[in-house]
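This report sets out selected features of one protein structure for a bench reader. It takes up charged pairs, strand pairing and unusual backbone geometry in turn.

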Amino acid sequence: MSALTVAAASDLFRAAPDEMIPVPDGDVAHRCVGVGPDVLFVHGWPVSGATFRALLPHLVDHVTCHVIDLPSSGSSRFATGTPPTIRGHIESVRKVVDHLGVDVSVVGHDSGGLIARHALVGDPRLRSMGLINTEHPQPGWRFRSFLAARRIPGLSAGLGWVAGSSKVRRNPFVFGGAFADRSLLDGEFDEFFLQPLHVDPARRDASTAVLKSFDMKLIEDLVDVHARLDVPVQLVWGDQDPFFPVERAREMVDTFADAHLEVVEGAGLFSHEERPDEVARALLPTLTGERTA
């Protein structure tokens, strides 16, 4: 591992971002660290770029890491009159790549993987892609049930209450399924992601708006998106993920032109937080262009 410690990587997200990038939904916070080929990291819902904090020390000696907070999360800014949406996030990722002005590999986790695929499929600037525990074209009942919750009245207030209760959030049908080790819902995960939802009504409302905007057609269209992705793709999957079961990841490999799957044992949806060293080892050959057939 590099001289960038996990503690120092966490501190990057407690400090102000390097810059703010204007996008239609507001301003994306951008942090850059490392040397080598450029890699853009796209987080999912309801977290921010800080979810990659434990992964960065394993990568920064090999690639330049561009970590963003999409509008509604982290250090980003969002327009109060225009609620952020998943489709807006897709456009935001395109605008970020325009702003960077370089060819990139992209790592997407959870809905960040969905966003990244839709944003950059067919883009000549895309070199390769890493997908960590993300949506597949045939979602199971657990994911569908989770999405159904977006129609519950008072969702924003309920989300704030759940985020603030260390007991309730460990329920496997709430956030408990995110980790094989549920104690990881406390500490920095609580600091960076759950407490902001608990104490900041504006950010909580924005995050809820993103969830409510989720369009199942984006998942249905993944079959076509995968067929059009002609760059190397590395799938990395925690085998204890109840939202996106690893069996579906295995089925998904052949839907890409050039994809490999690495399974991380004993990790859940946030495999990159539970086993960052293993996830980094799986990703690096694809991100650096050194992967062999």
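Arg 77 and Asp 27 form a salt bridge in which the closest N and O atoms are 3.4 Å apart. This pair links distant parts of the chain, with Arg 77 in strand β5 (residues 77-78) and Asp 27 in strand β2 (residues 26-34), 50 residues apart. Arg 77 counts as partly exposed because its relative accessibility is 46%. Asp 27, at 19% relative accessibility, counts as buried, since the cut-off for that class is under 20%. The model described here is a predicted one.

**Salt bridges**

Side chains of opposite charge can pair when their charged atoms come close. In this model the count comes to 20 salt bridges. A second example is the contact between the side chains of Asp 186 and Arg 169, at 3.0 Å from N to O. Distant parts of the chain are again linked: Asp 186 and Arg 169 are 17 residues apart, and each is placed in the loop between α5 (155-164) and α6 (188-199). Asp 186 is partly exposed, with a relative accessible area of 25%, whereas Arg 169 is buried, with a relative accessible area of 3%.

Glu 278 and Arg 275 also meet through their side chains in a salt bridge, at 3.9 Å from N to O. Glu 278 counts as partly exposed at 28% relative accessibility, and Arg 275 counts as partly exposed at 28%. Elsewhere, salt bridges that share partners join Asp 11, Arg 14, Arg 53, Glu 188, Glu 191 and Glu 273 into one network.

The three individual pairs are listed below.

| Salt bridge | N to O distance |
|---|---|
| Arg 77 and Asp 27 | 3.4 Å |
| Asp 186 and Arg 169 | 3.0 Å |
| Glu 278 and Arg 275 | 3.9 Å |

**Strands β3, β6 and β7**

Strand β6 (residues 104-110) is mostly covered, with 7 of its 7 residues buried. β6 pairs with β3 in the parallel sense over 4 bridges, and in this pairing Val 39 stands opposite Ser 105 of β6. β6 also pairs with β7, again in the parallel sense, over 7 bridges. Here His 109 stands opposite Ile 132 in β7. The connection between these two strands includes helix α3 (residues 111-120): β6, α3 and β7 make a right-handed β-α-β unit.

**Strand β8 and its neighbours**

Strand β8 (residues 233-238) is likewise mostly covered, and 6 of its 6 residues are buried. Both faces of β8 are covered, with Val 233, Leu 235 and Trp 237 buried on one side and Gln 234, Val 236 and Gly 238 buried on the other.

Strand β7 (residues 126-134) runs parallel to β8, and 4 bridges join the two. Ile 132 has Val 236 as its bridge partner in β8. Ile 132 thus appears in two pairings, opposite His 109 and with Val 236.

β8 also pairs with strand β9 (residues 259-264) in the parallel sense, over 6 bridges. In that pairing Gln 234 stands opposite His 260 of β9. A right-handed β-α-β unit is made by β8, helix α10 (residues 246-252) and β9.

**Backbone geometry**

Which peptide bond is cis, with omega near 0 degrees? It is the bond from Trp 45 to Pro 46. Pro 46 lies in the loop between β3 (38-42) and β4 (64-69).

Two residues other than glycine have a positive phi. Asp 110 has a phi of about 55 degrees and is found in strand β6. With a relative accessible area of 8%, Asp 110 is buried. Asn 133 has a phi near 35 degrees, and its place is in strand β7. Why does Asn 133 count as buried? Asn 133 does so because its relative accessibility is 0%.

**Synopsis**

Taken together, the pairings described place β6 beside β3 and β7, and β8 beside β7 and β9. Each of these pairings is parallel. The two non-glycine residues with positive phi belong to this set of strands, Asp 110 to β6 and Asn 133 to β7.

Technical notes
Residues numbered from 1 in each chain as written. Predicted model: local features only at pLDDT ≥ 70, side-chain atom pairs only at ≥ 80, totals over all residues. Heavy atoms only, no water. Buried < 20%, exposed > 50% of the residue type's maximum accessible area, 1.4 Å probe, protein only. Pairing = 2+ DSSP bridges. Right-handed = clockwise from strand over helix to strand, strands pointing away. Salt bridge = Lys/Arg side-chain N within 4 Å of Asp/Glu carboxyl O.
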